[in-house]
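Please open the structure in a viewer and keep the selection tool at hand. The tour below proceeds stop by stop, stating what to select and what is found there.

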Amino acid sequence: MLIEYSLVDHFTGGGGLWLDCYSYQEREFDSVRKVIVSSDIRAEVTQLPPDSNGRIGVRFIIVSEDIPKLENYLKVDFEEYGHLKSSGTSPYRCERVVVLSQQKDCETIYADDDHAANVICSLKAKDKGWFGGLAKPGTCNK
């Protein structure tokens, strides 16, 4: 899964956070849904057109008042675009999903549960320019 995030301003009122998620499998979005429920926030969900690779697209829209709750749950700061750091309690291998001749890559991230790790890894994948990311318990060998 790949997640692109955007902080947006709404000219009619408050801003928000858009999480644009792409995957070949709808069930991969379940981690995003579970993180939203666990964060005690609500999100508006809209279908996006498939990306250039034919992956299903879904946008989760989170109102600005709920962004701190999501950040607190994931232990990330969305204001630091491109420098997404996680500070959860357990290490996870965030592995690059490779296509064709791309080289394998891995980065150790930290999260408090598997669903948070999946979301953080998918966000990290976008930041790193990967096709997608897959989180597994443990650390990367470097």
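Begin by selecting the charged side chains of this predicted model. The protein chain carries 17 positive and 22 negative charges, and the mean positions of the two sets are 7 Å apart. Then display the accessible surface: the protein chain exposes about 7,800 Å², of which carbon and sulfur atoms supply 49%.

**The whole chain**

Switch to a cartoon view of the protein chain. It shows 3 helices and 7 strands, arranged along the sequence as β-β-α-β-β-α-β-β-α-β. The radius of gyration is 14 Å, close to the 14 Å that the globule rule gives for 142 residues, so the protein chain is as compact as a globular protein of that length. Reduced to its C-alpha trace, the protein chain spans about 45 × 35 × 25 Å along its principal axes.

Colouring by burial gives another view: 44% of the 142 residues count as buried. If contacts are drawn between residues at least 6 apart in sequence, 58% of them join residues at least 24 apart.

**The cysteines**

Select the cysteines next. How many disulfides does the structure hold? There are 2 disulfides in the structure. When the bonded cysteines of the protein chain are numbered in sequence order, the pairing reads 1-3, 2-4.

Centre the view on Cys94 and Cys121, which are joined by a disulfide with an S to S distance of 2.2 Å. This pair links distant parts of the chain, for Cys94 belongs to strand 5 (residues 90-96) and Cys121 to helix 3 (residues 114-128), 27 residues apart. The torsion about the S-S bond of Cys94 and Cys121 is about 90°, so this disulfide is right-handed. Both Cys94 and Cys121 are buried.

Move to Cys106 and Cys140, whose sulfur atoms lie 1.9 Å apart in a disulfide. Cys106 is in strand 6 (residues 106-111) and Cys140 in the segment after strand 7 (133-137), so the bond ties together parts that are 34 residues apart in sequence. What is the handedness of the disulfide of Cys106 and Cys140? The torsion about its S-S bond is about -70°, so the disulfide is left-handed. Cys106 is buried, with a relative accessible area of 13%, and Cys140 also counts as buried, at 11% relative accessibility.

Now select Cys21. Why does the sulfur of Cys21 not form a bond with the closest cysteine sulfur? That closest sulfur, in Cys121, is 13 Å away, too far for a bond; the cut-off for a disulfide is a pair of sulfur atoms within 2.5 Å. Cys21 counts as buried, at 0% relative accessibility.

**Asn118 in helix 3**

Remain with helix 3 and select Asn118, which lies in that helix. At 23% relative accessibility, Asn118 counts as partly exposed, since the buried class ends at 20%. Show its surroundings: leaving aside neighbours within four places in sequence, Asn118 is in contact with Met1, Ser31 and Ala135. A distance label between the C-alpha atoms of Asn118 and Glu28 should read 8.7 Å, although these residues are 90 residues apart along the chain.

**Two residues with positive phi**

The next selections concern backbone torsions. Most residues other than glycine have a negative phi.

Select Asp40, in the loop between helix 1 (30-38) and strand 3 (44-48). Asp40 is not a glycine, yet its phi is positive, about 60°. Is Asp40 buried or exposed? Asp40 is exposed, with a relative accessible area of 58%.

Then select Lys75, in the loop between helix 2 (67-74) and strand 5. Lys75 likewise has a positive phi of about 60° although it is not a glycine. At 32% relative accessibility, Lys75 counts as partly exposed.

**Lys69 in helix 2**

The final selection is Lys69, found in helix 2. Which residues does Lys69 contact, leaving aside its neighbours within four places in sequence? The contacts of Lys69 are Ser39, Asp40 and Ile41, and Asp40 is the loop residue visited above, between helix 1 and strand 3. Lys69 is partly exposed, with a relative accessible area of 39%. To finish, label the C-alpha distance from Lys69 to Thr108: these atoms are separated by 24 Å, and the two residues are 39 residues apart along the chain.

Key
Residues numbered from 1 in each chain as written. Predicted model: local features only at pLDDT ≥ 70, side-chain atom pairs only at ≥ 80, totals over all residues. Heavy atoms only, no water. Helix = DSSP H or I, 4+ residues; strand = E, 2+ residues; numbered from the N terminus. Rg over C-alpha atoms; globule rule 2.2 N^0.38 Å. Buried < 20%, exposed > 50% of the residue type's maximum accessible area, 1.4 Å probe, protein only. Contact = heavy atoms within 4.5 Å. Areas by Shrake-Rupley, 256 points an atom, 1.4 Å probe, with all protein chains shown as cover. Lys, Arg positive; Asp, Glu negative; His and termini not counted. Charge placed at Lys NZ, Arg CZ, Asp CG, Glu CD.
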